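Me: I should like to go through this structure by question and answer. Please reason briefly each time and finish on the value or name requested.

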Amino acid sequence: MVFYYQIDEVEPPATILIQNSHLAMWDITEEELEENAVKYTCLCLPAEFLTMDQLAGIEEEDMDEMLSEERCPMYILTNKERRFGAGTVFYPGILKQAQKLLGDNFYILPSSVHECILIPEDGNYDQESLAEMVTEINVHHVDAREVLSDQAYYYLKKDGRIHI
């Protein structure tokens, strides 16, 4: 987990990666920073669950037609600004909400620092093939500075945890 400080006084808002030198200057510990980040980020940048079609801006009528086709439901987990939204997976209770939306178990693909893709476990995908897909997308479609991981993660309802 990394932390950013958002400067809202400029347009568009800017961010600064928080370094250990900031913690020393602000006289706070890493634990205090994490506690404050979890507490206030959830309030200032609430999580959003979107379908891929909603993210792409596809109209409702077109979406109905496309949903009639056999397609794997994929959801985007991000924040209301859709910037640095991948961290929403750390929001308290968000994975339980996702589990209610997606079903018992699901995969988490770190799409970029801006969002994660959530895919319900339906037997059509396995973790290894999804990891290969993440790697392929990272290499060809994601700015290297925005890559989080080449791994696909698995949320298991039974223990409420993310597994590699």
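Me: Is Asp-143 buried, partly exposed or exposed?
Reply: This is a predicted model, in which local features need pLDDT of at least 70, side-chain atom pairs count only at pLDDT 80 or more, and totals for chains, interfaces and linings use all residues. Residues are numbered from 1 along each chain as its sequence is written, and side-chain values use heavy atoms, with hydrogens and water left out. Buried means under 20% relative accessible area, exposed over 50%, and partly exposed in between (1.4 Å probe, protein chains only). Because its relative accessibility is 33%, Asp-143 counts as partly exposed.

Me: Which residue forms a salt bridge with Asp-143?
Reply: A salt bridge requires a side-chain nitrogen of Lys or Arg within 4 Å of a carboxyl oxygen of Asp or Glu. The closest N and O atoms of this pair are 2.7 Å apart. The partner counts as exposed, at 70% relative accessibility. The residue is Arg-145.

Me: How many salt bridges does a search of the whole structure find?
Reply: Side chains of opposite charge can pair when their charged atoms come close. The pairs include Arg-145 with Asp-143 and Arg-82 with Glu-48. Searching the whole structure gives a total of four.

Me: How many residues apart in sequence are the parts that Arg-82 and Glu-48 tie together?
Reply: The closest N and O atoms of the salt bridge between Arg-82 and Glu-48 are 3.4 Å apart. Arg-82 lies in the loop between β4 (75-79) and α5 (94-102), whereas Glu-48 lies in strand β3, so the pair ties together parts of the chain separated in sequence. Helices (H or I, at least four residues) and strands (E, at least two) are DSSP runs, numbered from the N terminus. The separation is 34 residues.

Me: Which residue forms a salt bridge with Asp-104?
Reply: Asp-104 is in the loop between α5 and β5, and its partner is in the loop between β7 and β8, so the pair links parts 53 residues apart in sequence. Asp-104 counts as partly exposed at 45% relative accessibility. The closest N and O atoms of the pair are 3.4 Å apart. The partner, partly exposed with a relative accessible area of 39%, is Lys-157.

Me: What is the order of the strands in the open sheet of six strands?
Reply: Two strands pair if DSSP finds at least two bridges between them. The pairing in this sheet is antiparallel. Its edge strands, each pairing on one side only, are β3 (47-51) and β8 (161-163). The order is β3-β4-β6-β5-β7-β8.

Me: Which residue in β6 stands opposite Leu-109?
Reply: Strands β5 (residues 106-112) and β6 (residues 115-120) are antiparallel and share six bridges. Within this pair, Leu-109 faces Ile-117.

Me: Which residue takes a positive phi in the hairpin of β7 and β8?
Reply: Strands β7 and β8 run antiparallel and are joined by three bridges. Leu-156 stands opposite Arg-161 in β8. Four residues lie between the strands of the hairpin, and the residue with a positive phi near 65° is Gly-160.

Me: What angle does the direction of helix α6 make with that of β5?
Reply: Helix α6 (residues 127-141) packs on the sheet and touches β5, β6, β7 (153-156) and β8; contact here means heavy atoms within 4.5 Å. Axes are lines fitted to C-alpha atoms, for helices over the stretch in contact, and angles run from 0 to 180 degrees between N-to-C directions. The angle is about 10°.

Me: Which residue in β2 is the bridge partner of Ile-7?
Reply: Strands β1 (residues 4-7) and β2 (residues 14-17) run antiparallel and are joined by four bridges. They form a hairpin with six residues between them. The partner of Ile-7 is Ala-14.

Me: Which residues form the nonpolar patch on the surface?
Reply: Patches are made of residues with over 30% relative accessible area and no salt bridge, with like charges joined within 9 Å and nonpolar side chains (Val, Leu, Ile, Met, Phe, Trp, Tyr) within 5 Å. The patch has about 440 Å² of accessible area in total, computed by the Shrake-Rupley method with a 1.4 Å probe, only the protein chains shown counting as cover for residues. Its members are Tyr-5, Ile-16, Met-25 and Trp-26.
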